[in-house]
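Reader: Could you walk me through this model with me, strand by strand where it helps? I will ask as we go.

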Amino acid sequence: MNQPDLLINDPVFQFKGSMLAVTVLELTHSDLDRLRQQLANKVEQAPNFFRDTPLILGLDKLAGGESRLALSDLMQLCREFGLRTLAVRTEHPDDIAAANALDLAVMPPSNARERSITPQDSVPRTPQKPAEPVRVPSKIVRTPVRGGQQIYAPGGDLIVLAPVSAGAELLADGNIHVYGPLRGRALAGVKGDQSAGIFCQGLNAELVSIAGVYKVAEDLRRLPHWGKSVQVSLSDEMLNILLL
Amino acid sequence: MAKILVVTSGKGGVGKTTTSAAIGTGLAMRGYKTVIVDFDVGLRNLDLIMGCERRVVYDFVNVINGEASLNQALIKDKRIENLSILAASQTRDKDALTQEGVEKVLNELREQFDYIVCDSPAGIEKGAYLAMYFADEAIVVTNPEVSSVRDSDRMLGLLASKSRRAEKGEESVKEHLLLTRYNPERVSKGEMLSVTDVEEILAIRLLGVIPESQAVLKASNQGIPVILDDISDAGQAYSDAVDRLLGKDVAHRFLEVQKKGIIQRLFGGRE
């Protein structure tokens, strides 16, 4: 027996089922101009959220009386706002034909169960890019944080590239990084994220807290880590402080 | 273009008025048309330190309220040609200052002067807020002790967030640290924070270190800005600070404990 025969049954791939959160643009009217205007307003509020966002076009909620849209125009409009169309959700034969012509996957309407797609419908599905998790950009502070100032990074990390004075307070739903001495208070994972951490170049903090578990300076200054570069993490309801 | 300079600290009694008088006088001596404005309405002190208390007729609040013209209220210094003082009102309180009023007066002063030195009251309330709000540069006066350093830190935070420059998103207020009442001997004994300690905590540029000196009290009581006492160490230190403020590179002095003999030799060498 030679080598190729041995490897012939060695799997090169596997199919896996996966639940992905994908944004669906559910159209209720087929007015392209109004759509463009309203979409522009939405995108303006959170431009980062819409950048290269995978999207499913939901045409199944279009009222019967509404005229059908040219699918390519709709995709082009979405593309202008950074939305990348993965598939169309429809059962209208015209739409399915248009999707097939554009080599776009067709999905059943939201209220229907998975149905068998007739052979002429089955087009090779475009490889689905896994949906990027919605990421909140980190908040970056480049100037010293002075006593009496409070900085909160909602939904993400807080990065400070300057000293944090005594009497200052840093809060983040995610991690806190301080590239300088940390003399004030730092509270990471304030919404309860126990995997959040605090990283600083000089631990002189008045208080460090992760997901509500805290240590005050009174306890911290007894540690050999006082004044050093450390990371603070939470495990089993205990704060771990390790040298960096 | 006139520069507005605020002398501030947060904490009281650290030497703001002494510093305003000294720096303002120093700038005028170097040929800049300078006015020192007392923002401490209700606790008027600047005129005493400048020795012009007997010549105050109209004050800052009168000008704001339109009861006197600016030129009626400005007091010309008798010693230095380019120097004027705008006194605070002793009978009113800080609510007499309004943002529009202060802005109007400062804009008028800008037309006449190169430097407008605002002597801030202590605290972080209205008077101190208005004194720093329009500033281009700030001198933060700090004593080498922890509470003063903390209050200065708070003030720096306000300068970075509540000043007009911060609100308009312009270039931030230029911050200078002036350490006053510095006693190298007590620093070496560990009783006082060192320059390095304070610089490390506040992380701003050091404008100068003014040694603790008998000359300051004497000058205050005589109504002579201490910078005019050019024999005293404090006077010389203020003079250096003014030069640094104007961009000159001057080495810091009076930071080390000096033996008596050496000081005398140094002074001997300079004269």
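Reader: Which residue in β13(A) is the bridge partner of A:Val208?
Author: The partner of A:Val208 in β13(A) is A:Lys215. That bridge belongs to an antiparallel pairing of β12 (residues 207–210) of chain A with β13(A), which spans four bridges, where two strands pair if DSSP finds at least two bridges between them, and strands (E, at least two residues) and helices (H or I, at least four) are DSSP runs numbered from the N terminus.

Reader: Before going on, what should I keep in mind about the model and the numbering?
Author: This is a predicted model, in which local features need pLDDT of at least 70 and side-chain atom pairs count only at pLDDT 80 or more, while totals for chains, interfaces and linings use all residues. Residues are numbered from 1 along each chain as its sequence is written, chains are lettered from A and ligands numbered from 1 in the order in which they are written, and side-chain values use heavy atoms, with hydrogens and water left out.

Reader: And which sheet do β12 and β13 of chain A sit in?
Author: They belong to an open sheet of five strands in chain A, ordered β6-β8-β10-β12-β13, with mixed pairing. Its edge strands are β6 and β13 (213–216), each of which pairs on one side only. From one strand to the next the twist averages 5°, taken between axes that are lines fitted to C-alpha atoms, with angles running from 0 to 180 degrees between N-to-C directions.

Reader: Which side chains of β6(A) are buried?
Author: In β6 (residues 150–153) of chain A the side chains alternate, so to speak, between two faces: A:Ile151 and A:Ala153 point to one and are buried, while A:Gln150 and A:Tyr152 point to the other and are not. Buried means under 20% relative accessible area, exposed over 50%, and partly exposed in between, with a 1.4 Å probe and protein chains only. β6(A) runs parallel to β8 (residues 169–172) of chain A and is joined to that strand by four bridges, with A:Leu170 as the bridge partner of A:Ile151.

Reader: Switching to the other sheet, how are β1 to β4 of chain A arranged?
Author: Those four strands form an open sheet in the order β1-β2-β3-β4, with parallel pairing. β1 (23–26) and β4 (105–107) each have a single partner strand, so one side of each is left without a neighbour in the sheet. Here the twist averages 40° from one strand to the next. Within the sheet, β2 (residues 53–58) of chain A pairs with β3(A) over six bridges, and A:Ile56 has A:Ala87 as its bridge partner.

Reader: Is A:Thr85 buried or exposed?
Author: A:Thr85, which is in β3 (residues 83–89) of chain A, counts as buried because its relative accessibility is 16%. Leaving out residues up to four places away in sequence, A:Thr85 touches A:Leu55, A:Leu57, A:Met75, A:Cys78 and A:Leu104, a contact being heavy atoms within 4.5 Å.

Reader: Now chain B, how many helices and strands does it have?
Author: Chain B has 13 helices and eight strands, and 54% of its 271 residues count as buried.
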